[in-house]
Amino acid sequence: MGKTCSRKRIGIICLVIAVLAAILVPVAYEATRQDKRKDTGSKNNDGGINTPQAPGKQTQRIDCFPENVGLTEDKCKDRNCIYDKSVTIAGVPSCFFPVNKDYGFSAEKGSSTTPLGYKVNLQQKGNSPFESRSPRFVEPTFEVQFLSENLARLKFYDKANTRYEVPVPLNIPKTRAEASRINYEVNIVDRDDFAFEIKRRSTGTVIFDSRVGGLTLSNQFLQISTQLPSSNVYGFGENIHKSFKHDLNYKTWPMFSRDQAPGWTDL
């Protein structure tokens, strides 16, 4: 009798365990599956998730929707950018690049010497903001040419594809300038999040700094950004200038020039 009761109890216990297992396993699987769906961020070096972060100041935002037509939160996020309409400064974009630069590039270690300077291979990280409409560079390359004591040429190109270049001959030196006579330095200051700077040797003043982000290399859309060392900026011809000094409050200034005066209307 005792053995029969014990067997019944064991059978009931096993049945209860089987029922609980049948309930808990699908629940645990569903919870895990939901977590994976939420895991849309990119992985960092520690295996964690990189959450897109906005720049510390509104004036450091780089516009991710420059056409500014039909902007919505969904369209902004489709470009892997941040959407924030709570701006307090006129002209500041509400769709902008994150500071962690998951969309940017990394530079391979080392560089290759060229007749005029050096070149570095780049690797794109994540998707370009304009991937759907403008294919990315397959083998992006950054090349620096030291042409004279005051002239450097910086070039981004795709080694895998020949892209159109304006067929205008450039009257530039054919040999590399002597290193001892160059008045500037061109340095790669960040290889993980590719960035470079141009610095005056005499004063140490940084006159071009791409660490602000926003670098985009694609077949039909090219973009590079710099943090200006001063608000005193002049030039950019073929524009109606209401003042000799340029307005830098998120105003667009075309830079292509043909040495031709503009018409007497606002362009």
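A salt bridge is a side-chain nitrogen of Lys or Arg within 4 Å of a carboxyl oxygen of Asp or Glu. The side chains of Arg211 and Glu197 meet that criterion, at 3.0 Å from N to O. The views below come from a predicted model.

**View 1. Arg211 and Glu197 form a salt bridge.** The N to O distance is 3.0 Å. The contact joins distant parts of the chain, 14 residues apart. Arg211 sits in the loop between strand S12 (206-209) and strand S13 (216-217). Glu197 belongs to strand S11, residues 195-200. Arg211 has 40% relative accessibility and so counts as partly exposed. Glu197 has 7%, so this residue counts as buried.

**View 2. Arg211 also pairs with Asp209.** The side chains of Arg211 and Asp209 meet in a salt bridge, again at 3.0 Å from N to O. Asp209 counts as buried because its relative accessibility is 12%. Salt bridges with shared partners draw Glu197, Lys199, Asp209 and Arg211 into one network. Side chains of opposite charge can pair when their charged atoms come close.

**View 3. Glu67 and Arg79 form a salt bridge between two loops.** The closest N and O atoms lie 2.5 Å apart. Glu67 is in the loop between S2 and H2. Arg79 is in the loop between H2 and S3. The partners are twelve residues apart, and the pair links distant parts of the chain. Glu67 has a relative accessible area of 33% and is therefore partly exposed. Arg79 is at 7%, so Arg79 counts as buried. This salt bridge is one of eleven in the structure.

**View 4. A disulfide joins Cys64 and Cys81.** The sulfur atoms are 2.0 Å apart. The link is right-handed, with 65° about the S-S bond. Cys64 lies in the loop between strand S2 (49-50) and helix H2 (73-78). Cys81 lies in the loop between H2 and strand S3 (82-83). The pair links distant parts of the chain, 17 residues apart. Are these cysteines buried or exposed? Cys64 counts as buried because its relative accessibility is 0%. Cys81 has 7% and so counts as buried too.

**View 5. A disulfide joins Cys76 and Cys95.** Here the sulfur atoms are 2.2 Å apart. The angle about the S-S bond is 95°, and the link is right-handed. Cys76 is in helix H2, while Cys95 is in strand S4 (residues 95-96). The disulfide thus ties together distant parts of the chain, 19 residues apart. Both Cys76 and Cys95 are buried.

**View 6. The two disulfides appear together.** The structure holds two such links. One is Cys64 with Cys81. The other is Cys76 with Cys95. What is the pairing when the bonded cysteines are numbered in sequence order? The pairing is 1-3, 2-4. Helix H2 carries Cys76, and the loops that hold Cys64 and Cys81 adjoin H2. The loops of Glu67 and Arg79 also adjoin H2.

Notes:
Residues are numbered from 1 along each chain as its sequence is written. This is a predicted model: local features need pLDDT of at least 70, side-chain atom pairs count only at pLDDT 80 or more; totals for chains, interfaces and linings use all residues. Side-chain values use heavy atoms; hydrogens and water are left out. A disulfide is a pair of cysteine sulfur atoms within 2.5 Å. Helices (H or I, at least four residues) and strands (E, at least two) are DSSP runs, numbered from the N terminus. Buried means under 20% relative accessible area, exposed over 50%, partly exposed in between (1.4 Å probe, protein chains only).
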